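Ready for a walk through this model with your viewer open? Keep the selection tool at hand, and we will go from one stop to the next.

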Amino acid sequence: MKTNILLIVALLTIGLTNCTPKKQETAVQVQPWWKEAVIYQIYPRSFKDSDGDGVGDLKGIISELDYIKSLGVDAVWLNPIYTSPNADNGYDVSDYRGIQPEFGTMADFDQLLAEMHKRGIRLIMDMVVNHSSDEHEWFKQSRSSRTNPYRNYYHWWPAEKGTPPYRYSLFDEKGDAWQYDSLTNAYYLHYFADKQPDLNWENPKVRQEVYDIMKFWAEKGVDGFRLDAFQFVAKDTAFPKFPDGFEKNFMKYYAMQGNLHEYLKEMNREVLSKYNLMSVAEGAGNSFEDAHNLVDEDRQELNMAYAFDGVDIPKRTGYDLLHLKDVFSRWDSAFAQKGWISIFLANHDQARMVNRYATDAPQFREAAAKMLNTFILSMRGTPYCYYGDELGMTNIGFEKIEQYQDIASINGYKKVLNEGGDVAAYMADLKFGSRDNGRTPMQWNSSPQAGFTTGTPWLYVNPNYLEINVAKQDKDPDSVLNHFRQMTRLRKENPALIYGAYQLLQREHPQVYAYTRTHEGSRLLVLHNFSDREASISLPEAMSAKQILINNYSTNFPEGQEVRLKPYQSVIYKMK
Ligand code: GLC
């Protein structure tokens, strides 16, 4: 098995170094690279600005590819870079074959991809096709008349039929997913903002358009796609009435409906399998069965999905570690025999992981960030690291609504006002959990604006950049950054961290999350103290300091059978 994997990795690496286009005439049976990969997520607006307009861009990313390589990651998932009016920072696409001018040109994109492949880094693009922008040509046509050939590209409800059955919108300030359009006296559907009309996947022409777009990027040589909000694409277009209050449990009515699996099979046949592309869906439905049905190899749909259970756990008021252990353990066991999962604690829709799962208190912040990185890189599944988390970047914690840029935060605020809700509680929730916390510019160095831009950044830079930045951490062997690099190396050197069976130990321990990973005669013991107090745990057998593979404290090397861990200490031992 090990030899096989090595051989396959070698073959794939050769393919990548030669930078061959991904197009393949015949399907080759290989061990998928994405199981062994660590994926680094870049929010392009916030990563690196090369031209001083305050917005990150492709040239900026190109200039930092050596840094990205130095992290030991294998692939980059880029949030959308297509032409967009930016109602939702690129998740409202007006041209799927164009590059957002703020980000650069297609020549920049081609250079980015070539430079990534030269370094053996793969590229995953974000495919946003549950909806387009209302400024997309398809929608302009669609709304122009009821008989326009594009009418059926979207969901319309003629007003003479009365008010459409209520549909909940995640981003709308009234919570209403139907928007009236007087031009044709009809309502259109938008599960997200009104500038994000939902595409009608029941229309085969829409599906063909999407596959053509995917082929366009595949022909360029991209290595995979993340399918945005994909679990929502299939809808019952008769639009039956849902029970009152359904919005409290809207996933049950929105996720994995109708023909979704048929569409995925078709997409797999038409695009994914032809180009050997990695695929990951945002959202995994409502049950393990749903999740399995997405990624079961025999069904030929997708490679991976990611579920929200793990990121839904932390609340402003705290969370229960036992619950976290249960969620991650349940997901692991549901995929122990078949399928594969994504492991992540953060992304562009979440606030910073250090604040959510631990603390940014100065005395604990570094240990906590290292612990959380050790966690995502020592679980079974493909780890996704969100830019800045390799440094332990923290929430900015805005106080005023004017400081926010995120449409979900701003429209949510308007909704609370409209409904006469508790504005103070809402603002406190935003301060802890707003997506903008996770979108502040990357902290490169101690120069103004953290070296992100020479201009005025589109979103405030976190003032702690003098403390937390790449340049400073690069020089410090004990930094969060260097611990991250050490951890990606360790994962590569220990197949047990990738493939090893996971076993939870001492579920009831209130502070320590402990587990083993076992694979082909090797067993690792992983301990994380998720609390800000010292913790003791009694181990299955005595451990010696010599067995420690990685430790986020340079001052405490726990030994013996009863070990004491410092606050947020995280240690991996080699048991055999
Ligand atoms: C997904 C994206 C999110 C976006 C939404 C609408 O959830 O991750 O950022 O706002 O879809 O496209």
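Start by selecting Leu170, Phe171, Asp312, Asp349 and Arg435: among the 44 residues that line the largest pocket, these lie nearest its centre. Two elements, α13 (407-418) and α14 (423-433), each give two or more residues to this lining. The space in the pocket comes to about 1,500 Å³. A pocket here is an open set of points on a 1 Å grid over the protein atoms alone, with protein on both sides within 12 Å along at least five of seven lines; a lining residue has an atom within 4 Å of a point. Points are joined across faces, edges and corners, and the volume is the space filled by probe spheres set on them.

A word on the model before you move on: it is predicted, with local features needing pLDDT of at least 70 and side-chain atom pairs counting only at pLDDT 80 or more, while totals for chains, interfaces and linings use all residues. Residues are numbered from 1 along each chain as its sequence is written, and side-chain values use heavy atoms, with hydrogens and water left out.

Now colour the pocket lining by class: you should find 17 nonpolar, twelve polar and 15 charged residues. In this scheme Ala, Val, Leu, Ile, Met, Phe, Trp, Tyr, Cys and Pro are nonpolar, Asp, Glu, Lys and Arg are charged, and the others, Gly among them, are polar. Which domains give at least three residues each to this lining? They are domain 2 (33-132 + 204-485) and domain 3 (137-189).

Next, colour by domain. The assignment, which comes from an automatic or database source, also has domain 1 (1-30) and domain 4 (500-575). Show domain 2 and domain 4 together: their centres, taken over C-alpha atoms, are separated by 30 Å. In contact there (heavy atoms within 4.5 Å) are 25 residues of domain 2 and 28 of domain 4.

Select β6, β7 and β8 for the next stop. They form an open, antiparallel sheet in the order β6-β8-β7. Because β6 (156-158) and β7 (178-181) are edge strands with a single partner each, one side of each has no neighbour in the sheet. Neighbouring strands are turned by 30 degrees against each other on average, direction ignored. Strands are DSSP runs of E of at least two residues and helices are runs of H or I of at least four, numbered from the N terminus; two strands pair if DSSP finds at least two bridges between them. Zoom in on β7 and β8 (186-189), which are joined by four bridges, and look for Gln179 opposite Tyr188 in β8.

Then bring up the sheet of eight strands. This open sheet has parallel pairing and runs β11-β10-β9-β5-β2-β1-β13-β12. Its edges are β11 (304-306) and β12 (342-343), each with a single partner, so one side of each lacks a neighbour in the sheet. Pick out β9 (224-227) and β10 (278-282), a parallel pair with four bridges; Arg226 stands opposite Val280 in β10. Helix α6 (204-220) packs on the sheet, touching β5 and β9, with its direction at about 160 degrees to that of β5. Add helix α4 (106-118), which lies across β2 (75-78) and β5 (122-127) at about 140 degrees to β5. These angles run from 0 to 180 degrees between N-to-C directions, using axes fitted to C-alpha atoms, for helices over the stretch in contact.

How many cavities of 30 Å³ or more does the structure hold? There are two, a cavity being a set of points where a 1.4 Å probe fits but cannot get out. The largest has a volume of about 130 Å³; select Ala307, Gly310, Phe328, Trp331 and Ser342, the closest to its centre of its 13 lining residues. Two or more lining residues come from each of β11, α10 (321-334) and β12, and α10 gives the most, with three.

Finish at the second largest cavity, of about 40 Å³. Its lining is Asp332, Phe335, Ala336, Gly339, Trp340, Ile341 and Arg380.
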